[in-house]
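Dear colleague,

Please find the structure below, handed over for your work. My notes on what was found in it follow directly after.

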Amino acid sequence: MTVLVTDTGFGQDDWTAGYCDTGKAANDAVSLDIASDTDPADVPLHSGLQMIRVDFPSSADGRGFTIARQLRLRGYTGRLRARGHVLADQYAMARRSGFDEVEIDEALANRQPEDQWLARANWQEHDYQSRLRG
């Protein structure tokens with residue numbers, strides 16, 4: 001079972017449409033599952049695309065943050081989800097790079113309870129750039 005993390009805390013996954021692999025996706029796919037080594041320029045964006053889920057195979061692998069940022073810069077406005085080994089300490093970075101939510105497994109949720117994630121939910125207020133600007 002997975003746990004969905006948002007700015008309001010832990011919740012259950014409400015996405016029921018499944019995911020299509022980018023290599024097998026048709027132009028009318030409503031959701032995509034992409035690997036961390038995917039070139040964001042190769043992700044097919046179209047008006048019917050509602051969800052993109054980016055895999056994080058390791059908490060030390062930050063390529064997913066770059067993918068999220070590039071997808072947003074390309075104009076993707078749908079739901080963007082990080083999945084896998086994202087830690088509570090990385091939640092603010094995930095949100096700043098463009099992710100709407102993070103999908104983690106129950107084992108990680110038990111090791112890093114909801115309060116650790118909520119402590120980073122104020123990601124818009126406590127970034128170093130805002131502090132530098134005054």
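In this predicted model, the side chain of arginine 95 reaches the backbone oxygen of phenylalanine 99 at 2.7 Å. Arginine 95 belongs to helix H2, which covers residues 91-97. Its relative accessibility is 16%, so arginine 95 counts as buried, the cut-off being under 20%.

Phenylalanine 99 also appears in the largest nonpolar core, which holds 27 residues; Phe99, Ile52 and Val102 are the members that touch the most others. Two or more residues of this core come from each of strands E1 (2-6), E4, E5, E6 (79-84) and E7 (101-105), and from each of helices H1 (63-73), H2 and H3 (106-111). H1 provides the largest share, four residues.

As regards isoleucine 52, its contacts beyond the neighbours within four places in sequence are Leu32, Ile34, Val43, Leu45, Leu71, Tyr76, Arg79, Leu80 and Arg81.

A second side chain that reaches a backbone oxygen is that of histidine 46, with alanine 29 as the partner, at 3.0 Å. The two residues are 17 apart in sequence, and their C-alpha atoms are 8.8 Å apart in space. Histidine 46 is located in the loop that links strand E4 (31-34) to strand E5 (51-56). With a relative accessible area of 26%, histidine 46 is partly exposed, because this value lies between the limits of 20% for buried and 50% for exposed.

Yours sincerely

Terms used: Residues are numbered from 1 along each chain as its sequence is written. This is a predicted model: local features need pLDDT of at least 70, side-chain atom pairs count only at pLDDT 80 or more; totals for chains, interfaces and linings use all residues. Side-chain values use heavy atoms; hydrogens and water are left out. Buried means under 20% relative accessible area, exposed over 50%, partly exposed in between (1.4 Å probe, protein chains only). A polar contact is a pair of N or O atoms within 3.5 Å; within protein, one must be able to donate a hydrogen and the other to accept it, and residues adjacent in sequence count only if both atoms are side-chain atoms. A nonpolar core is a set of buried Ala, Val, Leu, Ile, Met, Phe, Trp, Tyr and Cys residues joined through side-chain atoms within 4.5 Å. Contact means heavy atoms within 4.5 Å.
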